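Me: I would like to go through this model step by step. Short questions, short answers, please.

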Amino acid sequence: EQIDALLAEGEADDALLERGVALATQSKLWEAALRFARRAAERTERGPAHAAALMRVVEIVRDAMGDREGALVEARKAHEAYPGDLTALRALHDLSPAGDRGRDARRTVDAIREAVRAEGVSIERVVGLTEAARLGGDGVLERLSRRLGAVLGADGAPMLLAPSRGSLRDPALVLRYRHPDDNGRAVALLEAVLPDLAELSGATTDALRVGWTEKVRGAHPTRAALGALLRAAGCEDFELYMGGAEAGRIAAVAGDPVTVVVGAGVSTPLDAAARFELVRRLLLALRGAAALAHDAPTAVAERCLAALACAELPVATPASRYEAHVKAVGKAMSRKTRKAIAESGRSLAADPNAWDELVNAARAVLSTARRGALAVSGDVAAAARDLSAALGQRDRSAKEALTADAAGRELALYAVSDALAQVVRDLGTDPQ
């Protein structure tokens with residue numbers, strides 16, 4: 001009563017309120033405990049302490065007073081104030097009707113994703129996302145999150161199944177995994193020029209040291225083992241070579257049909273990392289960008305600038321950046337390509353920042369292939385290593401790649417995105 005009187009007069013400080021909660025709890029005076037707890041919550045600044053204060057109100061109403069309907073109201077207040085708080089979601093999940101649980105969990109999923117976007121990737125956030133997806137009944141997203149968590153040190157998830165339907169070349173699916181920056185004039189130049197430059201990058205069967213002897217004709221266990229992956233990449237038919245200079249190599253060469261080269265040391269069925277590499281290279285080869293699977297984006301950008309020079313366009317970028325490639329590019333590039341880029345590449349050639357734009361475009365094309373390969377393989381670690389390679393930072397671990405910078409954060413967010421979850425569903429690769 002004394003504390004109530006001080007509270008009414010506005011003289012009760014935080015310590016006194018906490019004392020009031022403790023005394024009322026010990027005496028099982030639950031109305032008083034609730035009154036003091038609510039006032040304490042009102043006076044607490046936003047943050048973890050405030051979230052805990054709101055949850056204390058829920059616990060008093062639910063556990064001490066046995067009022068589940070009242071506790072639901074309080075739990076919803078806590079969840080609305082802190083949608084990313086797993087404690088609030090758990091309480092709400094326990095108290096709310098089954099029909100509301102998916103919506104509530106979705107709010108938590110979105111809040112955790114936003115925290116990752118704003119503050120970075122952490123094992124705590126990914127584990128929280130996994131639990132929120134589970135509570136919301138989204139098994140596909142739960143397993144995607146567990147695969148990301150495995151790279152950070154948490155428990156993993158089963159390997160994805162071989163694709164059973166759909167194609168990554170279906171325009172509806174492409175929209176779900178194509179990188180937002182994979183468009184524009186620089187990407188158009190890459191797509192126009194790179195098919196002619198495949199030989200310079202070693203993206204040919206001759207460069208891969210395979211020929212008549214290594215070619216597989218007719219039915220073969222390896223052909224059968226790769227068939228589902230090729231179909232997922234949009235290839236109903238393909239040529240297969242087994243052998244070559246590198247035992248562990250997996251490569252794809254553009255053509256009609258596309259050619260797959262598998263080193264003698266590659267075993268089938270492919271593991272997740274090998275699946276990732278095959279599909280990544282296939283997606284690049286099928287859009288004429290196989291060179292990006294062999295050369296760094298910086299080198300590819302230099303060759304594209306050389307192509308603009310060979311098309312007799314005035315290139316604003318200093319010649320030192322590309323002149324070493326002019327002779328070889330000029331020899332490899334067809335007359336048809338020269339004519340095409342003489343018009344389409346004019347504005348890019350005149351831009352002094354063309355090299356930077358081309359490097360970014362090349363990385364975006366690589367990112368698109370990386371995302372598509374992730375949908376088929378589920379191997380987040382392989383995707384992270386591929387990102388490091390594209391950025392010229394091969395010494396980074398997969399975990400470092402995902403947590404070090406904005407590019408890693410973007411990959412991590414895609415790995416637990418609704419877009420990827422839908423591609424996985426459409427391909428039938430989730431082990432439900």
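Reply: Contact here means heavy atoms within 4.5 Å. The model is predicted.

Me: What share of the contacts in the chain with a separation of 6 or more comes from residues 24 or more positions apart?
Reply: Take the contacts with a separation of 6 or more. Then pick out the pairs that lie 24 or more positions apart in the chain. Their share is 67%.

Me: What radius of gyration does the chain have, set against a compact globule of 432 residues?
Reply: A compact globule of that length would come out near 22 Å. The C-alpha atoms fill a box of roughly 95 × 55 × 35 Å along the principal axes. The chain itself has a radius of gyration of 29 Å.

Me: How much of the accessible surface belongs to carbon and sulfur atoms?
Reply: Buried residues make up 51% of the 432 residues. The accessible surface of the chain comes to about 19,900 Å². The carbon and sulfur share of that surface is 49%.

Me: How far apart are the mean positions of the positive and negative charges?
Reply: The chain carries 57 positive and 60 negative charges. Each set has its own mean position. The two means are apart by 6 Å.

Me: What is the order of the strands in the open sheet?
Reply: The chain has 23 helices and four strands. The open sheet has four strands, with mixed pairing. β1 (215-216) and β3 are its edge strands, each pairing on one side only. The order is β1-β2-β4-β3.

Me: Which strand pairs with β4 in the parallel sense?
Reply: Strands of a sheet pair through backbone hydrogen bonds, either parallel or antiparallel. β3 (residues 250-253) runs antiparallel to β4, joined by four bridges. The parallel partner has five bridges to β4. Glu-239 stands opposite Thr-259, and Leu-240 opposite Val-260. That partner is β2.

Me: Which residue in β4 is the bridge partner of Ala-251?
Reply: β3 and β4 form a hairpin, with four residues between them. Their pairing is antiparallel. Across from Ala-251 in β4 is Val-261.

Me: How many residues of β4 are buried?
Reply: Buried means under 20% relative accessible area. On one side of β4, Val-258, Val-260 and Val-262 are buried. On the other side, Thr-259 and Val-261 are buried too, and both faces are covered. For β4 (residues 258-262), the count is five of five.

Note on methods:
Residues numbered from 1 in each chain as written. Predicted model: local features only at pLDDT ≥ 70, side-chain atom pairs only at ≥ 80, totals over all residues. Heavy atoms only, no water. Helix = DSSP H or I, 4+ residues; strand = E, 2+ residues; numbered from the N terminus. Rg over C-alpha atoms; globule rule 2.2 N^0.38 Å. Buried < 20%, exposed > 50% of the residue type's maximum accessible area, 1.4 Å probe, protein only. Areas by Shrake-Rupley, 256 points an atom, 1.4 Å probe, with all protein chains shown as cover. Lys, Arg positive; Asp, Glu negative; His and termini not counted. Charge placed at Lys NZ, Arg CZ, Asp CG, Glu CD. Pairing = 2+ DSSP bridges.
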